[in-house]
Amino acid sequence: MSKRFCEVCGSDTEHKEVMKQKPSKYGKSKKEQFKAFLDGFFSSSSTSIPGGASLELTDRYIVCAICGKATKENHGSEFQ
Ligand SMILES: [Zn+2]
């Protein structure tokens with residue numbers, strides 16, 4: 001939880017971070033899944049997060065604890 005300004009509440013409120021996986025650009029077939037695996041394998045390991053999901057496939061949101069408004073935030077200081 002961290003304090004962020006919420007436009008809806010009009011004040012600083014507690015926010016929690018939520019990671020949502022983007023729809024994969026790959027198909028569901030075994031062959032496509034294998035391509036996705038290789039792509040992930042050869043791309044920089046520094047972008048990997050636990051669970052095998054790549055950051056490129058993950059959207060980061062902060063959600064207001066008061067009103068529940070989700071704000072997309074893919075440029076957090078955590079990864080800079
Ligand atoms: Zn709010």
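Here are a few friendly notes to help you find your way around this predicted model.

1. A good place to begin is the zinc ion. Four cysteine sulfurs hold it: the SG atoms of C6, C9, C64 and C67 coordinate the zinc ion at 2.3 to 2.4 Å. The angles among these four donor atoms run from 104 to 114 degrees, and the site is tetrahedral.

2. Next, look at where those donors sit along the chain. Their spacing reads C-x2-C-x54-C-x2-C. C6 belongs to strand β1 (residues 2–6) and C64 to strand β3 (residues 58–64), so this pair ties together parts that lie 58 residues apart in sequence. Both C6 and C64 are buried.

3. Now for the sheet. It is open and built from four strands in the order β1-β2-β3-β4, with antiparallel pairing. At its edges stand β1 and β4 (70–72); each has a single partner strand, so one side of each is left without a neighbour in the sheet. On average, neighbouring strands are turned by 45 degrees against each other, direction ignored.

4. The contact between β1 and β2 is worth a closer look. Strand β2 covers residues 11–21, runs antiparallel to β1 and is joined to β1 by five bridges. Within this pairing you can find K3 opposite E14 of β2.

5. Finally, what turns up around the rings? The charged end of K20 sits over the ring of Y61, 5.1 Å from the ring's centre. A search for aromatic pairs through the whole structure, on the other hand, finds zero.

Key:
Residues are numbered from 1 along each chain as its sequence is written. This is a predicted model: local features need pLDDT of at least 70, side-chain atom pairs count only at pLDDT 80 or more; totals for chains, interfaces and linings use all residues. Side-chain values use heavy atoms; hydrogens and water are left out. Rings of Phe, Tyr and Trp (its six-membered ring) pair if their centres lie within 6.5 Å; planes under 30 degrees apart count as stacked, over 60 as edge-to-face and the rest as tilted. A charge sits over a ring if NZ of Lys or CZ of Arg is within 6 Å of the ring centre and within 35 degrees of the ring normal. Donors are N, O and S atoms within 2.8 Å of the metal (3.2 Å for Na, K and Ca); water is not among the atoms, so sites may look incomplete. Four donors count as tetrahedral if all angles lie between 85 and 135 degrees; four count as square planar and six as octahedral if opposite donors are over 155 degrees apart and all others between 65 and 115; anything else is irregular. Helices (H or I, at least four residues) and strands (E, at least two) are DSSP runs, numbered from the N terminus. Buried means under 20% relative accessible area, exposed over 50%, partly exposed in between (1.4 Å probe, protein chains only). Two strands pair if DSSP finds at least two bridges between them. Axes are lines fitted to C-alpha atoms, for helices over the stretch in contact, and angles run from 0 to 180 degrees between N-to-C directions.
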